[in-house]
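Let's take a walk through this structure, going from a few local details out to the fold as a whole. Keep the view open and follow along.

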Amino acid sequence: MLEYSLLYPEYSETRLSQKLDGMWRFAIDWNGEGGILNWCAGIPGHDTIPVPASFQDFYTEKSIREFTGDVWYERDIIVPAAMEGDRVYLRFGATTHRATVYLNGVKAGEHEGGYLPFMVDITTMAVYGKKNKVVVVVNNELNETNIPCGMTITLGNGRKMSKPYFDFYNYSGLQRSVYLLSLPKIAVEDVDLSYAVDGEHAEITYSIRTTGDADVVLSLFDEDGKKEASSKGGSGVIKLENAHLWQVGNAYLYTLRIELRDGDKLLDVYEMPIGIREVKIEGTKILLNGSPIYFKGFGKHEDSDIVGRGFNIGVMKRDFELMKWIGANSFRTSHYPYDEEIYREADREGFMIIDEVPAVGLFESLSNFLDAGTGKGAKSFFSKPTTPILLEKHLKAIEEMIVRDKNHPSVVAWSLLNEPESTDENSLPYFEKLFEAAKRFDPQHRPRTFAMEVSSSPERCKCYHLSDFIALNRYYGWYILGGYEISDAEAKFVAEMEKWKALNLGKPFIFSEYGADTLSSEHKLPSVMWTQEYQIEVFEMLHRVFDSYDFVRGEQAWAFADFQTTEGLMRVNGNKKGIFTRQRQPKDIAFVLKKRWESMPLDYKGDR
């Protein structure tokens with residue numbers, strides 16, 4: 001298990017939590033000499049940059065936007081004297097893709113993996129009541145031994161360049177909040193929760209991990225602050241009659257208060273919002289609290305103007321309001337776990353999340369979106385000498401994702417890979433280890449899946465049987481037989497679906513991606529590709545096929561909004577498949593989807 005807690009950094013009677021967001025000093029290590037020149041003790045220059053944010057889009061020089069290598073951050077902090085005697089940490093929400101942290105010139109910790117938090121223990125290193133210098137070096141180079149996958153090349157001028165195997169921009173830096181935390185020596189370290197629902201009766205099975213011996217006291221409060229139940233001990237069951245269940249679009253959140261005590265002495269307090277709900281799959285139905293549900297929503301990106309992949313609370317609010325307006329009820333965190341605040345908002349708003357680990361690019365192609373979308377296929381990705389290293393990093397990322405997100409009621413499923421190569425025998429043992437790990441780490445045993453590109457067909461894919469539900473990314477009418485050939489695209493799509501049907505898998509299917517690139521400025525009658533009229537035609541064709549199969553239990557359009565990608569001939573300043581523009585304004589297709597989704601009940605196809 002992890003050696004550190006990934007609990008949300010709550011402030012309580014016994015815990016201090018201070019955000020370190022703001023303007024940090026910043027330096028680009030153009031020549032890779034920061035380590036030699038002792039930048040860990042203080043970086044050169046006077047440039048500053050916002051945290052959290054990606055660094056690329058603030059500047060006007062292309063050499064900065066495309067920089068690949070080390071970038072350095074620095075700020076002074078005061079570690080309050082009141083923290084002395086406790087355990088003190090720096091907590092980073094995300095550092096893309098790897099980071100080394102220094103305090104007062106001394107290495108304090110490091111982490112690899114760009115989309116999940118980590119903590120650095122500075123208890124014995126900090127100077128209490130005085131200024132301390134925090135320096136972080138962040139590296140954004142891509143390789144095939146860490147996810148997401150890609151390569152780093154060197155140009156003729158000596159500069160490095162990222163070559164992703166994935167179709168979104170390689171934004172990087174300190175992209176999420178940084179905290180200074182003070183925790184008691186004996187503290188709540190981790191919480192496992194699972195639920196059983198029977199009508200209005202609910203049982204909460206819990207297990208509390210602590211850093212030392214203490215009496216554990218739990219109290220459950222309703223939304224009005226009334227205590228509904230209590231329990232004692234590090235593990236047990238809390239029973240509730242007339243429980244308020246967490247429902248889609250009608251979220252109810254209790255507050256679970258966990259106290260650690262030594263007699264009358266309060267050692268630690270941790271409070272967390274929880275939603276009582278049960279997720280199951282029965283045959284081709286996905287059940288929430290025993291009732292069938294149909295997924296309506298999007299694949300999304302953390303992507304917006306200026307701050308790139310940096311967390312932006314205003315953009316988050318706008319996104320949820322647009323999703324409510326259009327009638328969506330779900331989204332997939334393509335293609336990496338998002339900032340924790342997004343999950344907390346989904347908990348409050350009643351949105352379902354398919355939570356995805358950053359396993360994209362496990363398909364060797366610099367035009368992955370095109371090769372995967374057309375079914376070109378790829379040579380075996382999982383037979384390389386580096387595969388054991390990649391697997392180790394992949395398993396670590398799954399563990400970190402599930403440990404962080406397992407108690408969010410909004411998280412109803414795990415996606416363990418996006419569009420991987422899965423047609424070679426070498427892929428199967430790799431996938432088996434991922435699926436086994438996800439089940440082992442998750443006390444709720446949520447459904448597991450992976451998003452399959454078109455070469456992962458029913459007759460070729462070696463791994464689909466591992467999925468609890470089948471997730472398909474399909475671009476019939478765009479990468480496959482676009483334009484006037486759309487009628488043939490529909491026939492080819494139906495032919496594939498008939499093959500899936502013939503397998504009689506007895507599992508639900510969700511279309512985890514589908515769509516067409518569209519410029520919001522373009523209109524034309526008759527339609528041509530890239531126009532808004534053609535995007536509508538593609539969606540209407542695909543929806544006809546979705547509606548023809550009872551085992552299809554969800555549709556998540558690609559993508560919620562236009563987003564930035566690496567420049568290239570197939571991308572007009574980014575991916576333009578958004579239902580909304582990057583500035584969060586609707587394209588014509590948004591009104592078509594709104595009409596469709598608002599007319600579909602939550603249990604659409606549930607009685608079939």
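This is a predicted model, so let's begin with a small piece of it. Strand β17, residues 215–221, pairs with β18 in the antiparallel sense, and the two are held together over 5 bridges. If you want a register mark for this pair, look at V217, which stands opposite K232 in β18.

Now follow the chain from one strand to the other. D224 is found in the loop between β17 and β18. Is D224 buried or exposed? Its relative accessibility is 74%, so it counts as exposed, the cut-off for that class being over 50%. There's also a sequence-distant residue to look for from here: T255 is 31 residues away from D224 along the chain, yet their C-alpha atoms are 9.9 Å apart in space.

Zoom out a little and the pair turns out to be part of an open sheet of 4 strands, in the order β18-β17-β20-β21, with antiparallel pairing. The edges are taken by β18 (227–232) and β21 (265–274); each has a single partner strand, so one side of each is left without a neighbour in the sheet. On average, neighbouring strands of this sheet are turned by 15° against each other, ignoring direction.

Further along the chain comes another open sheet, this one of 3 strands. The order is β22-β23-β24, and the pairing is again antiparallel. Here β22 (279–282) and β24 (291–292) are the edge strands, and since each has a single partner strand, one side of each lacks a neighbour in the sheet. Strand β23, residues 285–288, meets β24 in the antiparallel sense over 2 bridges. In that pairing L288 stands opposite S291 of β24.

Next, go back towards the start of the chain. An unreviewed UniProt entry annotates residues 18–184 as "domain: Glycosyl hydrolases family 2 sugar binding". What is the secondary structure content over residues 18–184? Strand accounts for 44% of this stretch and helix for 2%, and the C-alpha atoms at its two ends are 15 Å apart.

A hairpin inside this stretch is worth a look. Strands β7 (residues 98–103) and β8 (residues 106–112) pair in the antiparallel sense over 6 bridges, with Y102 standing opposite K107 in β8. There are 2 residues between the strands, and in this hairpin N104 takes a positive phi near 55°.

N104 brings us to backbone geometry in general. Most residues other than glycine have a negative phi, and most peptide bonds are trans. With that in mind, which residues does a cis peptide bond join just ahead of β7? The bond is between T96 and H97, with omega about 5°, and H97 sits in the loop between β6 (95–96) and β7. Another cis peptide bond joins V51 and P52, also with omega of about 5°. P52 belongs to the loop between β3 (48–51) and α1 (62–65).

Positive phi values turn up elsewhere too. E419 isn't a glycine, but its phi is positive at about 50°. You'll find E419 in the loop between β28 (411–418) and α6 (427–441). With a relative accessibility of 8%, E419 counts as buried, because the cut-off is under 20%. W530 is another non-glycine with a positive phi, near 85°. W530 lies in the loop between β31 (509–513) and α8 (532–547), and at 23% relative accessibility it counts as partly exposed.

Finally, step right back. The protein has 9 helices and 32 strands. Its C-alpha trace spans about 70 × 70 × 45 Å along the principal axes. How does the radius of gyration fit a compact globule? For 608 residues a compact globule would come out near 25 Å, and the protein has 24 Å, which agrees.

The interior and surface fill in the rest. Of the 608 residues, 61% are buried. Among contacts with a separation of 6 or more, 72% are between residues 24 or more positions apart. On the outside, the protein exposes about 23000 Å², and carbon and sulfur atoms supply 50% of that area.

Definitions and conventions: Residues are numbered from 1 along each chain as its sequence is written. This is a predicted model: local features need pLDDT of at least 70, side-chain atom pairs count only at pLDDT 80 or more; totals for chains, interfaces and linings use all residues. Side-chain values use heavy atoms; hydrogens and water are left out. UniProt positions are given in the numbering used here, feature names are shortened, and annotations may be inferred rather than shown by experiment. Two strands pair if DSSP finds at least two bridges between them. The radius of gyration is taken over C-alpha atoms; the globule rule is 2.2 Å times the number of residues to the power 0.38. Buried means under 20% relative accessible area, exposed over 50%, partly exposed in between (1.4 Å probe, protein chains only). Contact means heavy atoms within 4.5 Å. Accessible areas come from the Shrake-Rupley method with a 1.4 Å probe; for residues, only the protein chains shown count as cover. Axes are lines fitted to C-alpha atoms, for helices over the stretch in contact, and angles run from 0 to 180 degrees between N-to-C directions.
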